[in-house]
Amino acid sequence: MRHRVFNEDGGEELVFVMGWGNRWTHENVSWLIGKLTDADYRVHAFELPTNIDDFKADWLEPIAEYVRDLEEYQLLGHSAGALIAQALDGADNHVYLSPFWGYGERYSEPLLEAASRIPTTFPCLPAGEMDRTALGEEATDHQLATTPKWVSPAFVRETRHAQAELLTIDHDAVVFCSLTDPVISLRPIGERVPAEHVVLYDGGHELFSSPGRERYVDLLLEALAEGAAAVETRETVPA
């Protein structure tokens with residue numbers, strides 16, 4: 001797992017657990033990190049290994065060990081990063097972007113079950129189309145070219161197991177998601193997060209690749225600073 005700190009002189013600590021395949025060299029990820037550092041956060045960004053054999057050992061424990069040394073911090077998790085983030089302790093506020101708490105409808109349950117039983121860690125299963133329709137219209141050529149195309153049966157097994165063991169989501173958590181996201185299931189969000197704590201945006205899986213991202217970034221920053229209070233009384237963000 002790769003880790004990097006942005007804005008060493010920032011006034012507040014923020015842990016950003018990125019999604020599967022995200023890299024801080026991706027232009028839209030860099031855009032979001034820039035917004036966070038402009039808000040005076042010292043950003044601890046984590047790039048996830050794209051192939052895992054054990055959810056806890058490969059993803060959760062390295063980050064959980066790291067955050068133990070932070071006295072106070074805000075937590076931002078995108079997609080698979082939100083699957084990890086829901087199991088971390090100690091954050092003041094939790095914001096989840098398109099949390100990967102369940103597989104989207106394009107991944108059928110019988111296929112996922114069958115795939116998870118194949119005893120190999122070799123990335124031999126297609127991840128599904130990760131194009132601008134899936135990710136967001138502002139996804140760049142560089143991002144699309146460097147996003148992995150394959151996952152392993154072990155990856156499917158471990159992520160499904162982690163999804164089945166989701167903890168109770170922090171009562172003050174805020175979720176940003178899209179109704180047209182083909183990558184994740186919205187059901188676990190609806191089951192665990194009050195509707196007034198969910199912010200819907202138009203676009204694909206990545207808010208930071210959405211053409212409307214500028215309209216939501218201030219609300220995202222407010223949610224990091226204030227928790228759910230920032231969105232409970234919000235006016236609808238114009239489309």
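Good morning. I shall begin with a single residue: Ser98 is buried, since its relative accessible area is 0%. The structure before you is a predicted model, and every value I quote has been computed from it.

Where does Ser98 sit? Its place is in the loop that runs between β5 (94-97) and α4. Ser98 also has a positive phi of about 45 degrees, although it is not a glycine. For context, most residues other than glycine have a negative phi.

Ser79 invites the same kind of description. Here phi is positive as well, at about 55 degrees, and Ser79 is not a glycine. Ser79 belongs to the loop between β4 (74-78) and α3. Is Ser79 buried or exposed? Its relative accessibility is 6%, and the limit for a buried residue is under 20%, so Ser79 counts as buried.

A further serine deserves mention. Ser210 is located in the loop between β9 (198-200) and α9. With a relative accessibility of 0%, Ser210 counts as buried. Which residues does Ser210 contact, once its neighbours within four places in sequence are left aside? They are Glu138, Tyr201, Asp202 and Gly203.

I turn now to the nonpolar cores. The largest of them has 49 residues, and within this core Trp59 and Trp101 touch the most other members. Several elements give two or more residues to this core, namely β2 (12-17), α2 (55-67), α3 (80-85), α4 (109-116), α7 (153-164) and β8 (174-177). Of these, α2 gives the most, with 6 residues.

Let us look at Trp59 in detail. Residues up to four places away in sequence are not counted here; beyond them, Trp59 touches Met1, Trp20, Leu48, Pro49, Ile52, Asp54, Ala80, Ile84, Phe155 and Thr159. There is also a second, separate core, made up of 32 residues, and its members include Leu14, Trp24, Phe208 and Ala230.

My remaining topic is the packing of helices. Two packed helices are described by the angle between their axes and the distance between the axes.

The first pair I have chosen is α4 and α7. Their axes come within 7 Å of each other and cross at roughly 115 degrees. The range for a roughly perpendicular pair is 65 to 115 degrees, and α4 and α7 are therefore described as roughly perpendicular to each other. The crossing of these two helices is left-handed. Which residues meet there? From α4 they are Glu109, Leu112, Glu113, Ala115 and Ser116, and from α7 they are Pro153, Val156, Arg157 and Arg160. Sorted by class, this contact of α4 with α7 has 4 nonpolar, 1 polar and 4 charged residues.

The other pair is helix α1, residues 27-38, and helix α9, residues 213-226. They pack at an angle of about 45 degrees, and their axes are 11 Å apart. The two helices are therefore oblique to each other. What is the handedness of the crossing, left-handed or right-handed? α1 passes α9 in a right-handed crossing. On the α1 side the contact is made by Asn28, Trp31, Leu32, Lys35 and Leu36, while α9 brings Arg213, Glu214, Val217, Leu220, Leu221 and Leu224. By class, the contact of α1 with α9 has 7 nonpolar, 1 polar and 3 charged residues.

To close, I return to the loops: Ser210, Ser79 and Ser98 are each buried in this predicted model. Thank you for your attention.

Note on methods: Residues are numbered from 1 along each chain as its sequence is written. This is a predicted model: local features need pLDDT of at least 70, side-chain atom pairs count only at pLDDT 80 or more; totals for chains, interfaces and linings use all residues. Side-chain values use heavy atoms; hydrogens and water are left out. A nonpolar core is a set of buried Ala, Val, Leu, Ile, Met, Phe, Trp, Tyr and Cys residues joined through side-chain atoms within 4.5 Å. Buried means under 20% relative accessible area, exposed over 50%, partly exposed in between (1.4 Å probe, protein chains only). Helices (H or I, at least four residues) and strands (E, at least two) are DSSP runs, numbered from the N terminus. Contact means heavy atoms within 4.5 Å. Axes are lines fitted to C-alpha atoms, for helices over the stretch in contact, and angles run from 0 to 180 degrees between N-to-C directions. Angles under 35 degrees count as roughly parallel, over 145 as roughly antiparallel, 65 to 115 as roughly perpendicular and the rest as oblique. A crossing is left-handed if the near helix is turned anticlockwise from the far one by less than a right angle, and right-handed if clockwise. Ala, Val, Leu, Ile, Met, Phe, Trp, Tyr, Cys and Pro count as nonpolar, Asp, Glu, Lys and Arg as charged, and the others, Gly among them, as polar.
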